[in-house]
Amino acid sequence: MTLNRRAFIGTGAAAAALLSAPMLGAQGKPRVVVVGGGAGGATAARYIAKDSDGAIDVTLVEPTRAYYTCFFSNLYIGGFRDLSSIGHSYGTLATDYGINVVHDWAVGIDRDAKTVSLAGGAVLPYDRLILSPGIDFVDDAVPGWSVAQQNKMPHAYKAGSQTELLKAQIEAMPEGGLFAMVAPPNPFRCPPGPYERVSMVAHLLKQINPTAKILVVDPKEKFSKMALFQEGWQKHYGGMIDWIGPDFGGANVSVNPDQMTVDIDGAVEKVDVCNVIPAQKAGRICDMAQITEGNWAPIVPATMQSRMDENIHVLGDATNQGDMPKSGYSANSQAKVAAMAVRGALTGSKVFPAKFSNTCWSLIDTDDGVKVGASYEATDEKIAKVDGFISDTGEDAALRKATYEESIGWYAGITEDMFG
Ligand SMILES: Cc1cc2nc3c(=O)[nH]c(=O)nc-3n(C[C@H](O)[C@H](O)[C@H](O)COP(=O)(O)OP(=O)(O)OC[C@H]3O[C@@H](n4cnc5c(N)ncnc54)[C@H](O)[C@@H]3O)c2cc1C
């Protein structure tokens, strides 16, 4: 077996098992394999299957049977949604769209042979491969923290059990206790996400533990919708939230999960809950496919093809694409561009110029929603912002309520667009 451009998780025994595994999916049709059934991957799989009318054989590889959206997971923490309302199954993609849904991990990609190997031993051949694996965390990004400690100091930046755990820890805080967040450096998944989370934690604590405090340590001078969040924190949660930027040590932070302490530039704070959101990089399978440069996978904007392999398209958070934030809306928008390009390449269907859009809504308190968004186009170098908008500070309550209601409609729409 050549190791050139091949990478496998695990031992020689696993690799030997792969060599003897059957090849799946050969039906005489062009084959698309999609790795990752989240905002990018589920959308791409559905659009390719739906718009090609059975002419393309689509396989979706996703380890989890229920996908919990990170979007609106903060609203679950705040008590505005229950967990089941943000969980989605892949059943409709299989039954109504004929997608071959395989619940497994992709553990190796052979770009020469154009195959994806799965942890369970199967090998999937592809004509085009779509990777939308989301994020992984940069090792040692926050000294003292590792994934092995995520039960003591949850990240809750991949939704599901981590989000449940973080909420349970907040609910169990002692009266007047301290919640700390270690915020990530740019670029990271969902730029307003940590600050919406702070708002939702404050909303919850205000009801169940009003003398509790929130401390945010941040390596960034500025963050998304900063003026809007700071105005909202002052208005709804005055005195509860302390934000420490890099000028006051926010960039020099380590944690001790056993002691439940946070060291901020030499000053040690004892905390009751610590939400560590480490620096991020493309989901590991991108490294294994050798399509990353630094932490992210560069793409050709017009088609979302990897700059390193024209048979692979990369979507969503894993990409280095230019001006779009790493959001579910962005991943969904990029997926439709990739789906059109893939169909064009495999069936000769018409390909229109790529257009992208994004809006990120955040909830600050009951009926107090804000948003930021933009439209984008593909240039040779990057996905470039065309024009944008952002909520204003000082908006009236009716507009903020309408903005929140708009976000509820968006959530229903995007999850239907992903899962059918
Ligand atoms: C707290 C929070 C709030 C957010 N709020 C919003 C919001 O309001 N609006 C918004 O637009 N975005 C929001 N986001 C961001 C959004 O969740 C992500 O940007 C989006 O999910 C990215 O889509 P993706 O397809 O790149 O990755 P994901 O949606 O994470 O999907 C990746 C999938 O790939 C699978 N996978 C990974 N590796 C493998 C492998 N080797 N084999 C098989 N499968 C694999 C994973 O299991 C996962 O299901 C939020 C994020 C967070 C953390």
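Begin by selecting arginine 46, which at 10% relative accessibility counts as buried, where buried means under 20% relative accessible area, exposed over 50% and partly exposed in between, with a 1.4 Å probe and protein chains only. The model is predicted, with local features needing pLDDT of at least 70 and side-chain atom pairs counting only at pLDDT 80 or more, while totals for chains, interfaces and linings use all residues. Residues are numbered from 1 along each chain as its sequence is written, and side-chain values use heavy atoms, with hydrogens and water left out.

Arginine 46 sits in helix α2; helices (H or I, at least four residues) and strands (E, at least two) are DSSP runs numbered from the N terminus. Add aspartate 417 to the selection, and its backbone oxygen appears 2.8 Å from a polar side-chain atom of arginine 46.

Next, select the ligand and the 34 residues that surround it, the closest being Glu62, Tyr67, Ser132, Arg189 and Asp317; a residue is near a molecule if one of its heavy atoms lies within 4 Å of it. This shell divides into 17 nonpolar, eleven polar and six charged residues, on a scheme in which Ala, Val, Leu, Ile, Met, Phe, Trp, Tyr, Cys and Pro count as nonpolar, Asp, Glu, Lys and Arg as charged, and the others, Gly among them, as polar. Colour α2 (39–52), α3 (73–78) and α9 (328–347), each of which supplies at least two residues of the shell, with α9 giving the most, three residues. Colouring by domain is also useful here: domain 1 (13–136 + 281–349) and domain 2 (142–278) both give residues to the shell around the ligand, so the ligand lies between them, the bounds coming from an automatic or database domain assignment.

Three backbone positions are worth displaying with the ligand. A backbone N or O atom of alanine 39 lies 3.2 Å from a ligand oxygen atom, a polar backbone atom of alanine 106 is 2.9 Å from a ligand nitrogen atom, and a backbone N or O atom of glycine 328 is likewise 2.9 Å from a nitrogen atom of the ligand. Of the 1,000 Å² of accessible area that the ligand has on its own, the protein covers 94%, as computed by the Shrake-Rupley method with a 1.4 Å probe.

Turn now to the aromatic rings, of which the structure holds 16 pairs; rings of Phe, Tyr and Trp (its six-membered ring) pair if their centres lie within 6.5 Å, and planes under 30 degrees apart count as stacked, over 60 as edge-to-face and the rest as tilted. Select tyrosine 67 and phenylalanine 419, whose ring centres are 5.8 Å apart with planes at 45°, so the pair is tilted. This pair links distant parts of the chain, 352 residues apart, with tyrosine 67 in strand β3 (residues 66–68) and phenylalanine 419 in helix α10 (residues 397–419). Tyrosine 67 is buried at 17% relative accessible area, and phenylalanine 419 is buried at 4%. Then select Phe71, Phe72, Tyr329, Trp361, Trp410 and Tyr411, which form one aromatic cluster.

Within that selection, stop at phenylalanine 72, a residue other than glycine with a positive phi of about 75°, found in the loop between β3 and α3 and buried at 8% relative accessibility. Methionine 304 also has a positive phi, near 65°; its place is in the loop between β19 (297–300) and β20 (305–306), where it is buried with a relative accessible area of 0%. Finish at asparagine 186 and proline 187, joined by a cis peptide bond with omega about -10°; proline 187 lies in the loop between β11 (178–182) and α6 (193–208).

How values were computed: Polar contact = N/O pair within 3.5 Å; in protein donor to acceptor, adjacent residues only side chain to side chain.
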